[in-house]
2 protein chains.
Amino acid sequence: MIQKKQIKRDQETNKKTNLLRIIPLGGQEEVGRNMTVFEYHKDIIILDMGVQFPEEDMPGIDYIIPNICYLKGKEKNIRAVIFSHGHLDHIGAAPILLEQLGYPPVVGRPLTLALLKNRLEDHKKGSAKQLRSIIIRNITDRIRLGKFLTKFFPVDHSIMDAIGIIIETPHATVLHPGDWTYEEDPVSHRKVQYHQLAKLKRPTILMLESLGATNTNKRVPERVMYNNLQRLISQAPGRIIIGTFSSQIERIKQILEFAEKIGKKVALDGYSMKMNIEVAKQLGYIKVKKETLIPIDKIHRYPDKQIIVICTGAQGEGNAVLSRIVNGQHRFVQIKKSDTIVFSSSIIPGNERTIQRLKDNLYRLSDNVVHSDIMDIHSSGHGTAEDIATVLKQVKPDYFLPVYANHYFLKEAEKLAIREGFRKENIFILDNGSVLEFDHGRPHLTNQKVPTSYVMVDGLGVGDISHVVLRDRQMLAEDGMFVVIVKIDAETGKLINSPDIISRGFIYMKENKKLLDQTRDKVKKILKDRDPRTSADETFIKNKIRDVIGSFLFSKTERRPMVLPVIIEV
Amino acid sequence: MIQKKQIKRDQETNKKTNLLRIIPLGGQEEVGRNMTVFEYHKDIIILDMGVQFPEEDMPGIDYIIPNICYLKGKEKNIRAVIFSHGHLDHIGAAPILLEQLGYPPVVGRPLTLALLKNRLEDHKKGSAKQLRSIIIRNITDRIRLGKFLTKFFPVDHSIMDAIGIIIETPHATVLHPGDWTYEEDPVSHRKVQYHQLAKLKRPTILMLESLGATNTNKRVPERVMYNNLQRLISQAPGRIIIGTFSSQIERIKQILEFAEKIGKKVALDGYSMKMNIEVAKQLGYIKVKKETLIPIDKIHRYPDKQIIVICTGAQGEGNAVLSRIVNGQHRFVQIKKSDTIVFSSSIIPGNERTIQRLKDNLYRLSDNVVHSDIMDIHSSGHGTAEDIATVLKQVKPDYFLPVYANHYFLKEAEKLAIREGFRKENIFILDNGSVLEFDHGRPHLTNQKVPTSYVMVDGLGVGDISHVVLRDRQMLAEDGMFVVIVKIDAETGKLINSPDIISRGFIYMKENKKLLDQTRDKVKKILKDRDPRTSADETFIKNKIRDVIGSFLFSKTERRPMVLPVIIEV
């Protein structure tokens, strides 16, 4: 009897474990963008390990990495980490996470893995040696990873070697293009379509980046963008300075090749940009003559009309190259009236005002500033609402999981799919940490949520910045701090001398002597008035100072600095 | 001989002072938006006194007001301050600046002056009594202010009583519509056009808000927006909650009137919104029956289908009503699945991510969230590039001064005007603090720059936050602070006990005992190693601690907290 029960329980557990589990793990607001976990019994594969950049309420934080609590104890089950392409929001967290997970094998196309290797070396010298790489030499390669059979397909994105993945499992086939756009007329390869994905083993589950779900504008076609850029480059009366993302490797390649064709020289500036292009060159993805690419400190050797500078910093980041050029702090480039400055980039939400300021300063220095508001010189690497509809029509998936965007975009993608004839029950909207189970082809969104709290990286610290520390930073930023140092006689409990005050970020001390004197008097009064028998203890005095001085300073200034009392017994 | 020279110099000075001077004073990046000064000999009139909201690198700052250094000593020359309309970026700084300038007369339409009065009372109880108001009862009123003759004309904007001003001076006629848009088919009044301004005394100078200089999209017409809003309101399956700016008084009026027509009830929430509507009602600008407008705590007395809530907070501001509703912290409104939530607002640059988060949370609670990405439910109160061209064609000014926008927009407006046939030499691009002189109708942009440095308001402090304080706040926000308290024997110079450490916003102290111990050891070593004869002084020890501990903490954490040493002699 007991045996029977045991067997039944085992069968159930077995049944329960023989499920396909899909868990978007990384990315905070953008569901699954930085990392997704696929699990089947004792096999796990991971798609991407990227970073997210901090939000405005996270001062001092460098970046955020996926929370991998769920994988703790399951390290031995991880068959591989597949990287869809070499952008930081897909590979940036790999140095930390691969190490934490004991370096499982990594799978990717050559450029992706080369960029990954670089990222590891940048993080810790020599760590790339730990990589166990499985290179996808050919897009038709198939790789068995435990019970998973993985295949690949090309996608259009702003970097070479971007791929989509097909994961065949006993229960269903998952299709995930990663980051993608839909280019009707690509300049460097044949048009990418997805009809072939409709023929895979059913049921199919399409996980689709849906960032463009509400974007009903027409995408700027690549060819239009390149035509505009080429015209600007050809007709520039002097030098041309192009600010773009270091991740736009395909675009930089196109500019380099065009420059060579018309006999211009290109100087790159920006650490990550130079590194990315160097990697792409080494792999033969960018083929230009040695003399086309010149160092930035040699641009003065050529006539202005022959010079193209491509640099980072089009988002107005304080230390990036374009800002340094504009602020006159660049060693080799100072803006001239005859320069043409081109922003070949989009605006990352949150950077609007910084970019406006950068543009203001540029317009003061040059009469030829070109940006997307006035010419189509940026083409997005992400699909629009129309593109999402196109892919749905081509792939005809059985199930649709919009991903890689804020929740509200996913909801809008759902509406879009329903308008395209999809049934609502075949669409699933996940959060990070959601667990979607497929049992013999039938999907089920569980109530389970795996941990996804923010893991923030600040300097060398990974995940050590707690909410307490962040809240303190926010408070300090708002109204500064106010340290009150009190010396008291250990025997009599009486105050010795006048209290010392150290304050930063609250008021300009030199101009507020009166307020400081009044504060000292308040502190003296607190110590004098207290009953030495009942309130001799430090905590009491500290709390009293914090309350009284906090209120006093607020009444005088309507600011709330962090008040920190220090009691020193002598 | 000396006398002749004296007379000539007087004549020159006299000639020099008999000029019309135009000085955009307020607004920081947006030239002249918050305040403009017009000066002729001993007469000054001021247009608007608004606030600018702080930028991301100004933590804790409430708002920024125009710098009025230039007016110091000239208070007696100020004939009046004219207010173009009642929005905060045009009246918000008035309580502080009017007081500083000894309450010169104020000129404006009834709603504008009523809102101004409210703003003053809000700032300081009883201060509105100081106002010397000249009410523009009729748009055809003319007011002589010293040598200036001022007239007015109606403009389309998102608030009632918005006016443009005409300033006739001995040298030229200035035309300034203030904030404006161009509505082809307004819902509440006849179409506003500007042909009549072409007939004024020449030369004419058009100062024109040019925020839309690069905006080549079609503006959403008011009528389209209202039709959409009315349809949403009529068809809502349950309550409808509309988030908008408290400044959209015209829109709120339209919604109120429509609600009354179809028998729905409206509850307003948000301090400034309720105040604005109350003022407009008192003046008879909004006429609805008593029972149409209900208090927010009474909404439960009516069926959901009958309820409209209009509230502030569509920008995702933490404490505003919509955020409180979404976070479940509102006393009377909790979101239901059947609620329709409408964002009838634009996105203010810098708020993108906060709004995304608000939308995410709303989409989780309701299936009916409507915003500008999916329906035209916001119509901008500002003109587009096409509108700017239209106004230029109608007014045919002799000189064109694009204003009220970042420098690069002004440059783009210049290009636009040139495309419209304007001559470049008749266009002037000013900065804040620039002085444009008109001498018998001939304009001249001087090299003079009057002070325009930021005057920041933080709590009760006006202009007392220096760059030092701001920089400290930024540093504190980045990596927190680290106070090292050292007790030394006044006689021997030796350390007493172990140093005390107080740190906030740097690391989580409880989990970093080892680092703190190591730091204490470092401090002890500094004190022990020093030569007591040469380095007994406090400054030396403090600097040493700052340097050594700063470097040590960076080497261990790659963070740079503000290190503050405190030496206590016992």
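In this predicted model, A:Arg109 and A:Asp161 form a salt bridge whose closest N and O atoms are 3.6 Å apart. A:Arg109 belongs to the loop between strand 6 (106-108) and helix 4 (110-123) of chain A, and A:Asp161 to the loop between strand 9 (148-154) and strand 10 (163-168) of chain A, so this pair ties together parts that are 52 residues apart in sequence. Over all chains, the structure holds 80 salt bridges.

Aromatic contacts supply a further link within chain A. The search of the whole structure gives 16 aromatic pairs over all chains. One of them joins A:Tyr399 to A:Phe438 in an edge-to-face arrangement, with 5.6 Å centre to centre and 70° between the planes. Because A:Tyr399 lies in strand 18 (residues 399-403) of chain A and A:Phe438 in strand 19 (residues 434-439) of chain A, the pair ties together parts that are 39 residues apart in sequence.

The two residue pairs within chain A are set beside one between the chains below.

| Pair | Type | Distance |
|---|---|---|
| A:Arg109 – A:Asp161 | salt bridge | 3.6 Å, closest N and O atoms |
| A:Tyr399 – A:Phe438 | aromatic, edge-to-face | 5.6 Å, centre to centre |
| A:Asp464 – B:Arg559 | salt bridge | 2.7 Å, closest N and O atoms |

The relation between the chains is considered next. A turn of 180° with a shift of 0.0 Å along the axis lays chain A on chain B with an RMSD of 0.0 Å. This is the relation of a two-fold axis. Of the interface residues of chain A, 100% are also interface residues in chain B, so the copies meet through the same surface.

In this interface, 71 residues of chain A are in contact with 71 residues of chain B. About 6400 Å² is buried between chain A and chain B, and carbon and sulfur atoms give 51% of that area. A:Arg353, A:Tyr363 and A:Tyr408 supply 11% of the area that chain A buries against chain B, more than any other three residues.

Between chain A and chain B there are 16 salt bridges, among them the pair of A:Asp464 with B:Arg559. The count of residue pairs in polar contact between these chains is 36, with both residues at pLDDT 80 or more. Elements giving two or more residues to the side of chain A that touches chain B include helix 11 (407-419), helix 14 (538-557) and strand 25 (562-569) of chain A. Helix 9 of chain A gives the most to that side, with 9 residues. By class, the residues of the side of chain A that touches chain B comprise 27 nonpolar, 16 polar and 28 charged.

Notes: Residues are numbered from 1 along each chain as its sequence is written. Chains are lettered from A and ligands numbered from 1 in the order in which they are written. This is a predicted model: local features need pLDDT of at least 70, side-chain atom pairs count only at pLDDT 80 or more; totals for chains, interfaces and linings use all residues. Side-chain values use heavy atoms; hydrogens and water are left out. Copies are superposed by least squares on the C-alpha atoms of residues with pLDDT of at least 70 in both. Contact means heavy atoms within 4.5 Å. Buried area is the accessible area (1.4 Å probe) that two parts lose on being put together, summed over both. A salt bridge is a side-chain nitrogen of Lys or Arg within 4 Å of a carboxyl oxygen of Asp or Glu. A polar contact is a pair of N or O atoms within 3.5 Å; within protein, one must be able to donate a hydrogen and the other to accept it, and residues adjacent in sequence count only if both atoms are side-chain atoms. Helices (H or I, at least four residues) and strands (E, at least two) are DSSP runs, numbered from the N terminus. Ala, Val, Leu, Ile, Met, Phe, Trp, Tyr, Cys and Pro count as nonpolar, Asp, Glu, Lys and Arg as charged, and the others, Gly among them, as polar. Rings of Phe, Tyr and Trp (its six-membered ring) pair if their centres lie within 6.5 Å; planes under 30 degrees apart count as stacked, over 60 as edge-to-face and the rest as tilted.
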